[in-house]
Amino acid sequence: MIQPRLLAFSLTAVVLSASLTMADEADTFKDALGQEIIGPRQTQVEARDFVEPRIAKMPQVKTAEEWSKTAERLRADTLSRVIFRGEAVDWRAAKTKVEWLETMEGGPGYRIKKLRYEALPGLWIPALLYEPTVFRGKAPVVLNVNGHDSNGKAADYKQIRCINQAKRGMIALNVEWFGMGQLRTPGFQHGLINAIDLCGTSGIATHFLAMTRGLDVLLAHEYADPSRVGVTGLSGGGWQTIFISPLDPRVTFTNPVAGYSSFLTRARYASDLGDSEQTPNDLATVVDYTHLTAMMAPHPTLLTFNAKDNCCFAAPHALPPMIEAAAPIFALFGKPGKLVSHINDDPGTHNYLLDNRQACYQVMSDAWSAGLEAYNPKEIPSDDEVKTKEQLYVDLPADNLDLNTLSVKLSKTLPNAPEISDDPARIEGRRKALGAIVRPYEADVKGVKVDSKEQDGVSITRWKLALGTTWTVPAVELTKGKTKGTTIVIADAGRKDTSAAVSALLDQEQRVLAIDLFYFGESELKERPYLWALMVGTVGERPLGVQTGQLTSIARWVQTEHGDVPKIQADGPRTSTIALVAAALEPKAIGGLTLVKPLGSLKELIESSKDYAQSPELFCFGLLESFDLKQVAALVAPRPLHLEHASDRAKTELGEVAVK
């Protein structure tokens with residue numbers, strides 16, 4: 001007879017032994033799951049190959065008249081199909097509001113007026129107007145935008161530029177940019193415009209309107225000359241310059257400095273990949289930056305780049321495609337000399353210092369002064385007139401909106417969704433609507449077996465799953481004895497961390513296919529990943545569409561290979577959302593879902609101010625406008641949906657269709 005204490009010890013030993021066996025098995029799977037299949041550069045190369053052919057190409061035209069019609073169409077399409085969608089249509093229609101504050105002494109020959117203006121209802125921009133103390137008739141106006149400089153409008157090189165413009169008789173507006181200077185707050189991070197996109201409103205409209213309203217301020221000035229309207233800025237300000245100048249016909253002079261390159265160039269030079277505002281959804285389906293440059297013809301256009309730029313857009317690779325695209329268009333108008341380029345060698349790094357400023361004054365002089373002495377291109381020394389940021393501070397309303405509070409406001413009444421219905425026709429209509437938003441990229445799958453082995457009674461096969469001619473998804477297939485079905489496993493942390501889930505599924509007699517979808521695990525982009533996700537969006541595709549397309553295509557391949565309808569198990573809020581959308585789109589080849597730690601609502605992204613870079617696929621343009629996760633889950637029913645380790649919100653929102 002075994003004594004009770006010895007029995008307890010024996011049972012403990014058995015349990016411990018079983019636990020150790022399971023841990024050893026999980027470790028074995030971890031090694032097998034983590035072995036490299038496609039290598040670290042495969043997805044990077046495939047992303048480039050996916051993006052490049054989808055970038056709009058320069059049209060072939062033979063006359064200035066033909067180009068003018070083409071440019072007008074491109075301008076209209078960019079405004080309607082990219083910039084002004086959703087609530088942005090109403091923002092555009094709103095009247096520009098301006099509030100003038102104190103006037104301060106500037107220096108000899110000019111004064112500085114503080115003001116704030118509404119970019120859109122409730123969102124005010126602080127600005128400074130530099131104007132001559134004496135006017136001799138109508139004067140040129142210049143919108144001065146700034147880049148990623150924490151000093152914002154108080155940056156010394158920007159102040160000196162505005163001062164010099166005013167001393168030359170120009171009216172200069174120095175505007176603050178989101179995320180910089182006075183607006184350098186968490187709520188103005190540029191990646192937050194993607195949360196506005198999620199609501200079905202173009203986030204890029206906030207940037208565009210901030211500039212057009214600035215032009216409104218300038219052109220409302222009693223001495224403004226509407227025939228002489230310029231824009232200039234460095235880096236992100238250079239991007240703003242080339243973005244607003246060809247799209248607002250009021251602009252007649254532009255000087256972007258070290259601020260942009262072609263999307264085709266960016267695909268080859270990672271240093272040039274741009275942030276959310278530079279790479280808005282669908283822009284590259286209408287225009288590339290080559291088009292925008294050419295659309296300035298025949299107006300004076302100075303393209304300034306730095307020879308050894310240590311940030312981005314270095315002259316040797318960024319400038320030539322712009323000249324190649326735009327020079328023939330300027331020639332059609334008989335104005336080849338209006339397209340001017342300047343390459344800075346001193347210091348040659350990322351700057352808008354003396355040499356670059358004097359290049360700007362020179363082209364302004366050529367365009368506007370008719371040789372008047374007042375427009376001498378040599379800079380007027382003004383260093384001792386530079387003000388502190390405290391002196392230049394402009395009061396803003398306490399309840400001023402920012403990009404985050406704007407997206408929260410937009411999301412309050414979303415989604416605009418009909419009642420969940422059991423009617424097959426309505427369900428199919430909703431499924432098609434979801435597909436139109438997500439844009440799944442689906443293709444036939446060719447499975448290429450890498451190797452296969454037996455280990456501790458488990459058969460392990462590694463696959464390269466090729467989707468069409470574009471994407472390759474790495475996969476590990478595991479079986480243990482007799483199988484009753486197949487489960488596809490995905491995880492936010494990648495397949496290498498799914499060993500415990502794989503072990504449990506094998507014990508349930510499941511064939512397991514652990515895969516890394518685009519942007520996860522081995523399929524993660526190793527160099528500037530979220531910027532590549534933006535590139536996928538700007539060419540008219542969606543990261544979520546790539547991922548759901550991969551998943552549904554692989555599910556069909558499994559069905560063909562093994563004759564059963566696979567289930568999907570996803571671990572983490574990102575892959576759980578991908579799995580949910582994929583199952584909603586594919587009613588036949590996906591048999592059910594298990595979601596571990598899922599989101600309960602897309603609004604959680606907005607409420608927590610989550611940045612695009614952390615989960616790019618979740619910010620799919622317009623998804624929340626028509627579908628929250630509850631409405632997506634309704635399209636999965638009546639297939640089983642299991643929730644594990646779910647938050648109370650997820651249980652509440654998804655619980656109507658989930659199996660408890």
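# How the labels are earned

Reader: Why is S609 called partly exposed?

Author: S609 has a relative accessible area of 32%. Buried needs under 20% and exposed needs over 50%. S609 falls in between, so partly exposed is the term. This is a predicted model, and the value is computed from it.

Reader: Where is S609, and what is said of its phi?

Author: S609 sits in the loop between α20 (603-607) and α21 (623-626). Its phi is positive, about 55 degrees, although S609 is not a glycine.

Reader: What makes D282 buried?

Author: Its relative accessible area is 5%. The cut-off is under 20%, so D282 counts as buried. D282 also has a positive phi, about 75 degrees, and is not a glycine. It lies in the loop between α9 and α10.

Reader: N281 is in the loop between α9 (263-268) and α10 too. How do you know whether N281 is buried or exposed?

Author: Its relative accessibility is 11%. That is under 20%, so N281 is buried.

Reader: What does N281 touch beyond its sequence neighbours?

Author: Leaving aside residues within four places in sequence, N281 is in contact with V82, R85, D197, G537, T538, R542 and F621. The side chains of N281 and R542 are joined by a polar contact of 3.5 Å.

Reader: Why does that pair with R542 count as a polar contact?

Author: The limit is within 3.5 Å, for a donor and an acceptor that are N or O atoms. The contact between N281 and R542 is 3.5 Å, so it counts.

Reader: How do you know that the length of helix α3 (residues 64-83) agrees with its residue count?

Author: Helix α3 has 20 residues. At 1.5 Å a residue, they should span 28 Å. The end C-alpha atoms are 26 Å apart, which agrees.

Reader: Which residues of α3 are buried, and what do they pack against?

Author: Among the buried ones are W67, T70, A71, L74, R75 and D77. I83 is buried as well. The buried residues of α3 pack against α4 (88-93), α7, α8 (236-247), α10 (283-286), α11 (289-294) and α12 (315-332).

Reader: Which residues have the most contacts inside the largest nonpolar core?

Author: They are I83, F243, L434, L513, I515, L551 and L593. The core has 158 residues. Helix α7 (residues 204-219) gives the largest share, 9 residues. Apart from this core lies another, of 16 residues, among them Y157, L234, L302 and Y375.

Reader: Why are β1 (98-107) and β9 (339-344) called edge strands?

Author: Each has a single partner strand, so one side of each is left without a neighbour in the sheet. Their sheet is open, with 9 strands in the order β1-β2-β3-β5-β4-β6-β7-β8-β9. The pairing is mixed, and the twist averages 20 degrees from one strand to the next.

Reader: What makes β2 and strand β3 (residues 123-132) a pair?

Author: Pairing takes at least two bridges. β2 and β3 share 10 bridges, in the antiparallel sense, so they pair. One bridge partner of Y110 in β3 is P132. Helix α7 packs on the sheet, touching β1, β2 and β3 among others, at about 135 degrees to β2.

Reader: Why is L120 of strand β2 (residues 110-120) called buried?

Author: Its relative accessibility is 2%. That is under 20%, so L120 is buried. L120 touches W91, T206, L209 and L406, not counting residues up to four places away in sequence.

Reader: Which strands stand at the edges of the sheet of 8 strands, and why?

Author: They are β10 (445-455) and β17 (641-644). Each has a single partner strand, so each keeps one side without a neighbour in the sheet. This open sheet runs β10-β11-β12-β14-β13-β15-β16-β17, with mixed pairing.

Reader: How do you know that strand β13 (residues 485-491) and strand β14 (residues 510-515) are paired?

Author: 5 bridges join them, and at least two are needed, so they pair. The two strands run parallel. I488 has L513 as its bridge partner in β14. Helix α16 (residues 499-507) packs on this sheet, at about 160 degrees to β14.

How values were computed. Residues numbered from 1 in each chain as written. Predicted model: local features only at pLDDT ≥ 70, side-chain atom pairs only at ≥ 80, totals over all residues. Heavy atoms only, no water. Buried < 20%, exposed > 50% of the residue type's maximum accessible area, 1.4 Å probe, protein only. Contact = heavy atoms within 4.5 Å. Core = buried A, V, L, I, M, F, W, Y, C linked by side-chain atoms within 4.5 Å. Helix = DSSP H or I, 4+ residues; strand = E, 2+ residues; numbered from the N terminus. Expected span 1.5 Å × (residues − 1). Axes fitted to C-alpha atoms, helices over the stretch in contact; angles between N-to-C directions.
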